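Student: I should like to learn how to read a protein model, beginning with the whole chain and ending with single residues. May we work through one together?

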Amino acid sequence: MTLYEELKWRGLIQDISSPELIEKLNAGGLTFYIGTDPTADSMHIGHYSSFLISKRLAKAGHHPLLLVGGATGLIGDPKPTAERPMITKEEVEKNIQGLTKQAESIFGFEVVNNFDWTKDINVIDFLRDYGKYFNVNYMLAKDKVKSRLETGITYAEFSYMILQALDFLYLYENRGCTLQVAGSDQWGNITSGIELIRKKLDKEAYGMVMPLVTDSQGKKFGKTEGNALWLDKNKTSSYELYQYLINLEDAMIISYLKMLTFLTPEEIEKIEAEHLLNPEQRLAQKALAKEIITDLHGTEEYENAVKQAQALFSGSVKDLSSEFILNEFKDVNKISVKKGDKLLDILVNGQVCVSKREAREMISGNAISINGDKVADLEKTIVESDFIDNKVMLLKKGKKSYFLGILE
């Protein structure tokens, strides 16, 4: 199976700019770039799918460049529905530092910043040297611009595609970069760069885009309750990432294994067959979690995430550290607790239960636990051994309601 055939099998190619690219992909040796704007100091799991295809190309003998948009990030790629809020130059610089460090450590890519070659271009040179090659009707026909014509689009956003085309031209001339790779939402910007290179240099450049990774309802991969899952383990822990991946829907899981892992076709087909026989065991989800977390954070982080998940599932909360408990349950209600407090009082004062009557009913019905252990004693008093690391206790009401008891 050639590289191109494998990429197609994995569902990683939506469009290529020219049939000539197929042979060049299979031959190796291309310098290509993939870009991201510094809207945050970490990439999220949605970026991972795009950057993983770059890793595949690198393994096949191509040379990747990661472009961090210090210039384009100050403008903002047009969203389909509304203008992006502008971020300060100071925030952009901070984000660039975070993304550069992350890209080098996780992906091993060389990082370039388009601010370096854009900052000294004055407005007259910009219009004469680049703007003159763009027909307004051509720009208006691009999907991102067209989707904003009714609600309105600023000139700054409208010019974004020229800036991105300028990047491709610069990297073509100065780094021998002949290919840009991105998600499918960047197709219009990529083809603008190809056109600029053709018109200005009379040379051929290429573009390749992959489908955006979504769930069966079209929701972007990696979005959970409105929040991104970050590749920085200090922003999204390996355990949080594991929980997201292990709960992915069956309908999409084999597609994710193809797109988001380096497992061979034979290995994926074997996992698929075993998964279909016993879907309740979530073998495919576990395989995906292992591959992604190990690739991002290493084997030890993956193994710790599995241990933590098993401890919570089995109720062995005492096997977990207070640091883990405080991090993973940071969004649940917190209750101030002292040694010697009556559990009944804690349940009512902490609004775990609405009354002492309900609290007694919950305890009598084995519906209250401390650190995974059911409480049966209606007169239970809090003692030192109820705290993990003498700092925190995890109270649970029923099957899903958690509360953190913080030692005063």
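Tutor: Certainly. Please note that this model is predicted. Of the 408 residues in the protein chain, 47% count as buried.

Student: Which helices and strands should I expect; that is, how many of each does the protein chain have?

Tutor: The protein chain contains 19 helices and 13 strands. Its C-alpha trace spans about 85 × 50 × 35 Å along the principal axes.

Student: How much of the accessible surface belongs to carbon and sulfur atoms?

Tutor: The accessible surface of the protein chain is about 20200 Å², and 49% of this belongs to carbon and sulfur atoms. As for charges, there are 50 positive and 59 negative ones, and their mean positions are 3 Å apart.

Student: What share of the contacts between residues at least 6 apart in sequence join residues at least 24 apart?

Tutor: In the protein chain, that share is 73%.

Student: Let us turn to sheets. How do the strands of a sheet pair?

Tutor: In general, strands of a sheet pair through backbone hydrogen bonds, and the pairing is either parallel or antiparallel. Here, an open sheet of 6 strands follows the order β1-β6-β5-β2-β3-β4, and its pairing is mixed. Its edge strands, β1 (15-16) and β4 (110-113), each pair on one side only.

Student: How do strands β5 and β6 run, and how many bridges join them?

Tutor: Strand β5 (residues 177-183) and strand β6 (residues 206-210) run parallel, joined by 5 bridges. For Q180, the bridge partner in β6 is G207.

Student: Which strands does helix α2 lie across?

Tutor: Helix α2 (residues 20-27) lies across β1, β5 and β6, and runs at about 80° to β6.

Student: Finally, what should I look for in the backbone angle phi?

Tutor: Most residues other than glycine have a negative phi, so a positive value deserves attention. Q351 has a phi near 60°, which is positive although the residue is not glycine. Q351 is found in the loop between α18 (343-349) and α19 (356-364).

Student: Is Q351 buried or exposed?

Tutor: Q351 counts as exposed because its relative accessibility is 67%, and the cut-off for exposed is over 50%.

Student: Where is D389 placed, and what is its phi?

Tutor: D389 lies in the loop between β11 (373-374) and β12 (392-397). Its phi is near 55°, again a positive value in a residue other than glycine. D389 counts as partly exposed because its relative accessibility is 46%.

Notes:
Residues are numbered from 1 along each chain as its sequence is written. This is a predicted model: local features need pLDDT of at least 70, side-chain atom pairs count only at pLDDT 80 or more; totals for chains, interfaces and linings use all residues. Side-chain values use heavy atoms; hydrogens and water are left out. Helices (H or I, at least four residues) and strands (E, at least two) are DSSP runs, numbered from the N terminus. Buried means under 20% relative accessible area, exposed over 50%, partly exposed in between (1.4 Å probe, protein chains only). Contact means heavy atoms within 4.5 Å. Accessible areas come from the Shrake-Rupley method with a 1.4 Å probe; for residues, only the protein chains shown count as cover. Lys and Arg count as positive and Asp and Glu as negative; His and the chain ends are not counted. The place of a charge is taken as NZ of Lys, CZ of Arg, CG of Asp or CD of Glu. Two strands pair if DSSP finds at least two bridges between them. Axes are lines fitted to C-alpha atoms, for helices over the stretch in contact, and angles run from 0 to 180 degrees between N-to-C directions.
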